[in-house]
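Visitor: Hi! Could you walk me through this one?
Guide: Happy to, here it is.

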Amino acid sequence: RDFCLSRGLGDVYKRQSQGFLESELQALDQLLDLTDPVLLDLILERSQPEDDLDTPEIRALLTEIRAL
């Protein structure tokens with residue numbers, strides 16, 4: 001996994017790990033299962049979450065990652 005993406009997601013996890021709801025952890029797992037190009041497109045807003053990725057938790061997590 002790309003160092004910058006891994007570090008950014010790791011920072012989100014470290015900062016929030018004790019405050020995550022189970023649904024938010026599942027959203028993080030879903031994002032981490034994506035290929036780097038797909039994840040980067042979502043983070044850079046070149047694409048939007050679709051189908052099973054189109055959840056409030058994933059959208060909120062992407063917003064938080066973009067703010068880093």
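Guide: We can go through the fold, one helix and the salt bridges.

Guide: This is a predicted model, where local features need pLDDT of at least 70, side-chain atom pairs count only at pLDDT 80 or more, and totals for chains, interfaces and linings use all residues. Residues are numbered from 1 along each chain as its sequence is written, and side-chain values use heavy atoms, leaving out hydrogens and water.

Visitor: How many helices and strands are there in the chain?
Guide: Four helices and zero strands, counted as DSSP runs (H or I, at least four residues, for helices; E, at least two, for strands) and numbered from the N terminus.

Visitor: Which residues of H2 are buried?
Guide: In H2, residues 22–32, they are Ala 27, Leu 28 and Leu 31. Buried means under 20% relative accessible area, exposed over 50% and partly exposed in between, with a 1.4 Å probe and protein chains only.

Visitor: And where do they sit around the axis of H2?
Guide: They fall within an arc of 100 degrees, so they line one face of the helix. The arc is taken from the directions from the helix axis to the C-beta atoms.

Visitor: New topic: how many salt bridges does the structure hold?
Guide: Two, each a side-chain nitrogen of Lys or Arg within 4 Å of a carboxyl oxygen of Asp or Glu. Arg 46 pairs with Asp 41 at 2.8 Å, N to O, and Asp 54 pairs with Arg 59 at 2.7 Å between the closest N and O atoms.

Visitor: Is Arg 46 buried or exposed?
Guide: Arg 46 is exposed at 55% relative accessible area, while its partner Asp 41 is partly exposed at 27%.
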